[in-house]
There are 2 protein chains.
Amino acid sequence: MTDAYAKAGVDIRAGNETVARYREVLPERRDPRVLEGIGGFGGCFALRGMRDAVLVASTDGVGTKLLVAAQLKKYDTIGHDLVNHCVNDILCLNAQPLFFLDYLAVGKLEPAIAASIVGSIGAACADHDMALLGGETAEMPGLYQPQHFDLAGTIVGGVERDDLTDIARVVAGDIVIGLPSNGFQTNGYSLVRATLSPERWGEPFGAGTIGDALLAIHPSYMRAVRAAQAAGVSIHGMAHITGGGLTDNLPRALPAGVVARLYPEKWHVPPIIDLVVREAHLDRETAFHTFNMGIGFCTIVAARDTQAALAAMPGALAIGEIEPLGPCAPRVIFA
Amino acid sequence: MTDAYAKAGVDIRAGNETVARYREVLPERRDPRVLEGIGGFGGCFALRGMRDAVLVASTDGVGTKLLVAAQLKKYDTIGHDLVNHCVNDILCLNAQPLFFLDYLAVGKLEPAIAASIVGSIGAACADHDMALLGGETAEMPGLYQPQHFDLAGTIVGGVERDDLTDIARVVAGDIVIGLPSNGFQTNGYSLVRATLSPERWGEPFGAGTIGDALLAIHPSYMRAVRAAQAAGVSIHGMAHITGGGLTDNLPRALPAGVVARLYPEKWHVPPIIDLVVREAHLDRETAFHTFNMGIGFCTIVAARDTQAALAAMPGALAIGEIEPLGPCAPRVIFA
């Protein structure tokens, strides 16, 4: 079989080696929720201890950030980007991560690279007490260039129905608390790459290079949010600031009848974003509609909870407030 | 924003049009399990009526069958391939489909094509009373050639813990019931494409063309299995015959200490598989280790249930039996 398939560009031996390396980089974590030894056609996860479970699921990729990673041959952080992005998405609904499945597609399977990527996914899952329940690694000659790959993942979390975020609780007078981003996170990379060509990625920038700044790991905001809740803060709404920026994402946490007024002078734009905005000649409206501009996640809380929220979440800033909807006003106003 | 991003190869207008078309091709199905209107950062599925739920999940792609679909510009069946493949995988654990999420990645977003693909996913989900709970459509210039795309999906099903397939019940004397495949299903296409070049896909073959035979939809075996169970058949083990053929997949349904002896003269190899086996000069062992060779799914039942199983499942054939493991025997013996 190896010969016929190898001539067709599919390397069974590389496949077997990859599986062996996955076993190395994914240390066995005894997770009593994961049922083992039942054939392997699907991962089995026992859902225990929930009264009225709502499952919250999301599939996402890391976009063309992976072309930056591939170019710089840095494969051990992109899995954190992928997992953290997904964790933040379902966090907006107040869901706790349960399990994750990855999809890695390559033109030519390089076991060491695949293991580095999948190992970083496993590490990021462990960071969130989440099972890496399954996944697929596909070698598809003819679809991907040899050094290229694509990466996507699916997260499934759970939340008691009573605890599901209810954005109807967001009212005028509430405060928007922003949590800082550290760069582009996982959005806007096609524009970033068109603006900063790969020849420049080795240039010194801040404490490292432009390439380092481009590959800064998309943070998970789960610990910060859970810390605020543990401190008694009642969070009315949450928004993960991804493609479309604050302009498109913050309204997803707003009920009809209110708008968010933000004060951009309250926070700093990360230098790497500032560089691309300047070199791409983006006006302010476009920039805020494309990049996160320094705010990676928003929580909306009652004014009386502001100090407790700021104290509980490292780096948190009060960046705006909720107002009644005026006539013809946009949903997000940059003051 | 449109301008800057369009220059970078990302077409926001095409993105918006695609979303509008998705709304058209995914008719609103009021599914009381899906909770709507809570921000859209994740799909919310209320899990009700289960006592001791085990969630069974799998991520898979359709491999390079999609290069055949892209070449032949046939986009409305590949979603059925994807969904049915995933349904069959979790069916092996006896799980019922709950929800699905898709990942579609393209080089250049063509709204009509994307809608055709995602519409076929939605239709296949509806066939299984499964919610299409979410998904991601990513335009990634530089990663995919303009006419190329990749497609993967994640299924989540549920089963009561007591009803989970327990392959320990498979014992010597049980009968292997095979359900017919209609071609390559979704496996082996890199070798198929290396053997049958695209110039030949228009050639007449059977009732259609070679291309038609290559794109025959991967069947779902769920209805057949449920019909057998409804007829009182107790299924001891199940195997979905995918990459690696009967040789690799049937052992996943076998406990230690037994082997399966199969009688290949009991069933027909689909003509399109026969053609590729001959033209690629595959020996029998290689062929059975690469392609499904005409058996898409296996159920293993007690001998006394054989007639009931054959009567309940259309096209089903008794193709072999379970035997005690001999010294040094392979797990699957082709008699």
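**How do you turn and shift chain B to lay it on chain A?** In this predicted model, a turn of 180° with a shift of 0.0 Å along the axis does it, leaving an RMSD of 0.0 Å (a least-squares fit on C-alpha atoms of residues with pLDDT of at least 70 in both copies). That's the relation of a two-fold axis. Both copies use the same surface: 100% of the contact residues of chain B recur in chain A (contact means heavy atoms within 4.5 Å).

**Here's the open sheet of chain A.** Its 6 strands line up as β10-β12-β7-β13-β11-β14, with mixed pairing. Strands are DSSP E runs of at least two residues, helices are H or I runs of at least four, both numbered from the N terminus; two strands pair if DSSP finds at least two bridges between them. β10 (235–240) and β14 (332–334) of chain A each have a single partner strand, so one side of each has no neighbour in the sheet. On average, neighbouring strands are turned by 25° against each other, direction ignored (axes are lines fitted to C-alpha atoms, for helices over the stretch in contact; angles run from 0 to 180 degrees between N-to-C directions).

**Zoom in on β10(A) and its partner β12(A).** These two run antiparallel, joined by 5 bridges, with β12(A) covering residues 295–301. Look for H240(A), which sits opposite F297(A) in β12(A).

**Two helices of chain A lie across these strands.** α4 (residues 78–91) crosses β10 and β12 of chain A, at about 150° to β10(A). α8 (residues 222–230) lies across β7 (175–180), β10 and β12 of chain A, at about 175° to β10(A).

**Notes.** Residues are numbered from 1 along each chain as its sequence is written, and chains are lettered from A and ligands numbered from 1 in the order written. Local features need pLDDT of at least 70 and side-chain atom pairs count only at pLDDT 80 or more, while totals for chains, interfaces and linings use all residues; side-chain values use heavy atoms, leaving out hydrogens and water.
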